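Visitor: I would be grateful for a close look at the place where the ligand sits, and then at the parts of the protein beyond it.

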Amino acid sequence: MDLQTSPRILQPFSVRDVHLKNRLVLAPMQMYVGKDGFLTDWHVQHLAKYAVGGFGTIFTEGLCVNKRGRNTYGDLGIWSDEFIPSLAHLADTLRSLGATPAAQLLHTGPKACRQRPWEGYGMLAAEQLARGETHWTPLAPSAERKNPGWLAPEKATTDDIQAVIDAFAAAARRCDAAGFDILEVHGAHGYLIHSFYSPLANDMAPPYGGSREGRMRLALEIAQACREHWPAHKPLFYRLSCVDRAEENSGWSLDDSVVLAAELRKCGVDLIDCSSGGIGRFSTAQVMRREPLFQVPYAARIRADNPGLPTMAVGLITQARQAEDILARGQADLVMLAREALFNPHWPLQAAVELGGDDYFERIWPPQYGWWLHRRALSNS
Ligand SMILES: Cc1cc2nc3c(=O)[nH]c(=O)nc-3n(C[C@H](O)[C@H](O)[C@H](O)COP(=O)(O)O)c2cc1C
């Protein structure tokens, strides 16, 4: 393929020693159907679809670094070496289908111990208790619950914090052992790391609370620990809630994120994945006032103010032209999709045809599909 003239979404991207075949990334998406933390056939077929569909990089859903950090009983885990073989099978499958396998690490902090989304996303109720699920106490930088639908959390001690940092480090090592090429730390959406850096959720004293520097400390120590246990030739990404979006001029701001991104970079972080929101609400996807491309300005600003630090744009990106323009304008280096990919797992292949023409059926679609579709397009029948 002539890369000079191909659409930007199809152009490769290199970070450390990892070479991505294009700029399109499947977002981490929890499925809530794990069994005791282990993935199932569902997860493998679910993610394999997107490799066939042309995504250059595919993220696992958030893998919980310890049991306390789970959202639900259906979350996937990475708190033991026992998870490595099934995750290795997943990473191998994605690689064999032409995609770069990427893993995300998660600790849900104050939002832990909830029903699955389609069961209500609230505290465990009779139905869940009847099938043997029991409550556990969420960990947070405040004992105050930020949403009436959540359990009251326990305020973290210094020992709790060290245990969380160690759990992220061990999880990074396991992701390498499983063969993932990219690691991302989930530091957004009101989960543990975000709850520490947001002034709306952290009422701790220094060294992990108080000033912005104190509140950022956990995010940075986790980045350092992951970097130490993740190979130097593999990239480390970091997802931020770039703004709290709680009320106008309150909470964590984009200016704060510019500073945090610069500090993360000093810890060996290679790319900032720019999301937002999540403190005190159910989830970013459900409650924020959203419009197409609403988070792209965050990726653009962090990229512009930290020259040489790549960013990823995510959030209501649904059209091929939108993704192409984000890259053409230099607003981000990678474009990530979540729900639109659920709707159309072949989104990248379809976008290639839309931007590049019918011959892209033969140029980048798997021949098992593309050969037929190219001929159908030529004959229009
Ligand atoms: C089913 C589902 C599960 C999600 N799980 C995660 C997750 O595990 N980790 C994460 O960082 N974001 C998660 N998200 C948020 C997405 O990664 C993404 O940021 C968000 O949906 C906005 O992108 P979209 O408009 O393309 O859907 C999830 C979203 C959905 C729809």
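Guide: The account below begins with the ligand and then turns to the interior, one helix, and several single residues. Please keep in mind that this is a predicted model.

There are 16 residues around the ligand, and those that come nearest are Gln 30, His 186, Arg 239, Leu 316 and Arg 339. Sorted by class, this shell contains 7 nonpolar, 6 polar and 3 charged residues. Two of the nearest residues offer polar side-chain atoms: one of Arg 239 lies 2.8 Å from an oxygen atom of the ligand, and one of Arg 339 lies 2.6 Å from an oxygen atom of the ligand. The backbone takes part as well, for a polar backbone atom of Ala 338 is 2.9 Å from a ligand oxygen. As for covering, the ligand taken alone exposes 610 Å², and the protein buries 88% of that area.

We may now consider the interior. The largest nonpolar core has 95 residues, and within it Ile 222, Tyr 238 and Ile 272 have the most contacts. Helix α4, residues 158-177, gives the most to this core, namely 9 residues. Ile 272 shows how distant parts of the sequence meet: apart from neighbours within four places, its contacts include Tyr 238, Leu 240, Ala 261, Leu 264, Ile 302 and Met 312. There is also a second, separate core of 15 residues, with Phe 59, Ala 102, Val 314 and Met 336 among them.

Helix α12, which spans residues 347-356, deserves attention next. Its buried residues are Trp 347, Pro 348, Leu 349, Ala 351, Ala 352 and Val 353. These pack against several elements, including strands β3 and β13 and helices α1, α10 and α11. After α12 comes Gly 357, which has a positive phi near 110°.

Two buried residues can be examined singly. Thr 100 is found in strand β6, residues 100-106. Because its relative accessible area is 8%, under the 20% limit, Thr 100 counts as buried. Beyond residues up to four places away in sequence, Thr 100 touches, among others, Val 18, His 19, Leu 20, Thr 57 and Asp 181. Ala 332, by contrast in setting, is found in the loop between α10 and β13. Ala 332 has a relative accessibility of 3% and is therefore buried. Among the residues that Ala 332 touches, leaving out those up to four places away, are Ala 299, Arg 303, Thr 311 and Ile 326.

Finally, some backbone features merit a remark. Most residues other than glycine have a negative phi, and most peptide bonds are trans. Tyr 32, although not a glycine, has a positive phi of about 60°. Tyr 32 is placed in the loop between β3 and α1, and it is buried, with a relative accessible area of 8%. Leu 293 likewise is not a glycine and has a positive phi, of about 65°. Leu 293 is found in the loop between α8 and α9, where it is partly exposed, with a relative accessible area of 25%. The peptide bond from Pro 206 to Pro 207 is cis, with omega near 10°. Pro 207 is in the loop between α5 and α6.

Key:
Residues are numbered from 1 along each chain as its sequence is written. This is a predicted model: local features need pLDDT of at least 70, side-chain atom pairs count only at pLDDT 80 or more; totals for chains, interfaces and linings use all residues. Side-chain values use heavy atoms; hydrogens and water are left out. A nonpolar core is a set of buried Ala, Val, Leu, Ile, Met, Phe, Trp, Tyr and Cys residues joined through side-chain atoms within 4.5 Å. Buried means under 20% relative accessible area, exposed over 50%, partly exposed in between (1.4 Å probe, protein chains only). Helices (H or I, at least four residues) and strands (E, at least two) are DSSP runs, numbered from the N terminus. Contact means heavy atoms within 4.5 Å. A residue is near a molecule or strand if one of its heavy atoms lies within 4 Å of it. A polar contact is a pair of N or O atoms within 3.5 Å; within protein, one must be able to donate a hydrogen and the other to accept it, and residues adjacent in sequence count only if both atoms are side-chain atoms. Accessible areas come from the Shrake-Rupley method with a 1.4 Å probe; for residues, only the protein chains shown count as cover. Ala, Val, Leu, Ile, Met, Phe, Trp, Tyr, Cys and Pro count as nonpolar, Asp, Glu, Lys and Arg as charged, and the others, Gly among them, as polar.
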